[in-house]
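Reader: Please show me this chain. I would like to ask how its labels are earned.

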Amino acid sequence: MTRVKRLPAARPHLPMLMGMVFAQLRERLADEAPDLRPSQLRVLEWLPADGLTISELAECAEMTTQGCGQFVRQLEALGMVQVSVADHDARARVVRITAAGREALARAAVVLASCDEAWAAQVGPERWQVFREVLEEIALA
């Protein structure tokens, strides 16, 4: 099957452009690191070695506790996280990354670095660096 390059009828707005770039990334991850979807990666990347409660993880990943809990259950079923009762509160659950989760993150990091390299080659390293710096400034403000 051939791929059709579709272009929007109007000048693309920033969220549309970001979505198109994210679609490229999603495709690369599906091909090269199929065990971890971008939505799961979004949750896994926030976990420090000592873990977080599901509500803390949800806050970091900027999602609802319920939504985060669903991703945690998926990741637990894949063996990428371990969930246990929190020491400070028997109702709370602490999520910790496992060796399998760290391996999946490492595979995803290779794909992400490869995307960075390809995009830098496409627009030039100087322009790519400025783009990254501006995007980080906006995102992390």
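Author: What follows is a set of short questions and answers on a predicted model.

Reader: What makes up the chain, and in what order?

Author: The chain has 6 helices and 3 strands. From the N terminus on, the order is α-α-β-α-α-β-β-α-α. The C-alpha trace spans about 55 × 40 × 30 Å along its principal axes. Of the 141 residues, 29% are buried.

Reader: How do you know how many contacts link distant parts of the sequence?

Author: Take the contacts with a separation of 6 or more. Residues 24 or more positions apart account for 50% of them.

Reader: Why is Glu62 called exposed?

Author: The relative accessible area of Glu62 is 69%. Exposed means over 50%, so Glu62 qualifies. Glu62 sits in the loop between helix 3 (54–61) and helix 4 (65–77).

Reader: What makes the phi of Glu62 worth a remark?

Author: Most residues other than glycine have a negative phi. Glu62 is not a glycine, yet its phi is positive, about 55°. Gly124 also has a positive phi, about 95°, just after helix 5.

Reader: Why is Gln40 called buried?

Author: The cut-off is under 20% relative accessible area, and Gln40 has 3%, so the label holds. Gln40 lies in helix 2.

Reader: Which residues does Gln40 touch, beyond its neighbours within four places in sequence?

Author: Gln40 is in contact with Asp35, Phe71, Gln74, Leu75 and Leu78.

Reader: How do you know how many disulfides there are?

Author: A search of the whole structure finds 0. Take Cys68 as a case. The closest cysteine sulfur to that of Cys68 is in Cys60, 9.0 Å away. A disulfide needs the two sulfur atoms within 2.5 Å, so this pair is too far apart for a bond.

Reader: Is Cys68 buried or exposed, and how do you know?

Author: Cys68 has a relative accessible area of 0%. That is under 20%, so Cys68 is buried.

Reader: What about Cys115, buried or exposed?

Author: Cys115 has 3% relative accessibility, which is under 20%, so Cys115 counts as buried.

Reader: Which residues of helix 5 are buried?

Author: In helix 5, the buried residues are Gly101, Ala104, Ala108, Val111, Cys115, Trp119 and Ala120. The buried residues of helix 5 pack against helix 1, helix 2, strand 3 (93–97) and helix 6.

Reader: How do you know that the span of helix 5 agrees with its number of residues?

Author: Helix 5 has 25 residues. The rule is 1.5 Å times one less than that number, so the expected span is 36 Å. The end C-alpha atoms of helix 5 are 36 Å apart, which agrees.

Reader: How much space lies in the largest pocket, and which residues are closest to its centre?

Author: The largest pocket holds about 2,200 Å³ of space. It is lined by 42 residues, and Met18, Val21, Phe22, Leu25 and Leu135 are the closest to its centre. Two or more lining residues come from each of helix 1 (14–32), helix 2 (38–44), helix 3, helix 5 (99–123) and helix 6 (125–139). Helix 1 gives the largest share, 11 residues.

Reader: What kinds of residues line the largest pocket?

Author: The lining divides into 29 nonpolar, 3 polar and 10 charged residues.

Key: Residues numbered from 1 in each chain as written. Predicted model: local features only at pLDDT ≥ 70, side-chain atom pairs only at ≥ 80, totals over all residues. Heavy atoms only, no water. Helix = DSSP H or I, 4+ residues; strand = E, 2+ residues; numbered from the N terminus. Buried < 20%, exposed > 50% of the residue type's maximum accessible area, 1.4 Å probe, protein only. 1 Å grid on protein atoms, 1.4 Å probe; cavity = no way out; pocket = protein on both sides within 12 Å on 5 of 7 lines; lining within 4 Å. Points joined across faces, edges and corners; volume = space filled by probe spheres on them. Nonpolar A, V, L, I, M, F, W, Y, C, P; charged D, E, K, R; others polar. Contact = heavy atoms within 4.5 Å.
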